[in-house]
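Okay, thanks for making time, everyone. I'll pick one residue, look at what's around it, and then move out to the sheet next door.

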Amino acid sequence: MSPRRIIGQFESGNLDMAIVYESEFQGHTELKSLPLYDRKLDVCLFISGKHPLAKKQTVTLQDLKDVPIGILGEGYSLDFKRLTQQFFEYNRAESPSEYEVYESRRDLEINLIAGRCAAIVYETMFEDRDHKLKAFPVDVEDNSFGISLFWQKDEMRTKAAALWRIIKEKMSRDRY
């Protein structure tokens, strides 16, 4: 579900818990959360492996001034454009003049592979990352870039904590 739909399901009482990117729910103070990752997710600039910038050792946000930036639409993210603009502001780079809006992660990925845009997203976002895309880390000082378990109702606190422990234990076993 999209974050917007998840919030609607919480508000209507049809959803007890959800696992989502923390940054999507910034500002929703009525939600409680526990982090599932033991580190923040890296934010990366993704471009096609065939794009001329892919040949460089490092790419800066300033290098993107004439490259359309792919973002996810409201059906997939609460405010992807604002989050993307924050990366440019944080790095004191000129904000891109053109955004391409996609309504699914896969559509964004396909257009990245085709070289139609660049995107600034989490390291975990794309399936074809190692084959057809090139990733460059983006420096951001924000500890909300992770994946968390969210819930709203106070009576779900004990169940959320139990589920959180089970997931954390499984993640630590799978890592080794």
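So, let's start with Gln9. If you skip its neighbours within four places in sequence, Gln9 is in contact with Met1, Asn14 and Leu15. Before anyone asks, this is a predicted model. Gln9 itself lies in helix H1.

Now, is Gln9 buried or exposed? Neither, really: its relative accessible area comes out at 22%, so we call it partly exposed, since buried would mean under 20%.

And in case you were wondering about Phe87, that one is 78 residues away from Gln9 in sequence, and C-alpha to C-alpha the two are 30 Å apart in space.

Okay, on to the sheet. It's an open one, with 3 strands in the order E1-E8-E2, and the pairing is antiparallel. Which strands sit at the edges? Those are E1, residues 17–21, and E2, residues 32–35, each pairing on one side only. On average, neighbouring strands here are turned by 30° against each other, if you ignore direction.

Where does our helix come in? H1, which covers residues 3–12, packs on this sheet and touches E1 and E8. The helix direction makes about 155° with the direction of E1.

Let me zoom in on those two strands. E8 spans residues 147–151, and E1 pairs with E8 in the antiparallel sense over 5 bridges. One pair to click on: Tyr21, whose bridge partner in E8 is Ile147.

So, back to where we began: Gln9 sits in H1, and H1 is the helix packing on the sheet. That's my bit, happy to take questions.

Methods
Residues numbered from 1 in each chain as written. Predicted model: local features only at pLDDT ≥ 70, side-chain atom pairs only at ≥ 80, totals over all residues. Heavy atoms only, no water. Pairing = 2+ DSSP bridges. Helix = DSSP H or I, 4+ residues; strand = E, 2+ residues; numbered from the N terminus. Axes fitted to C-alpha atoms, helices over the stretch in contact; angles between N-to-C directions. Contact = heavy atoms within 4.5 Å. Buried < 20%, exposed > 50% of the residue type's maximum accessible area, 1.4 Å probe, protein only.
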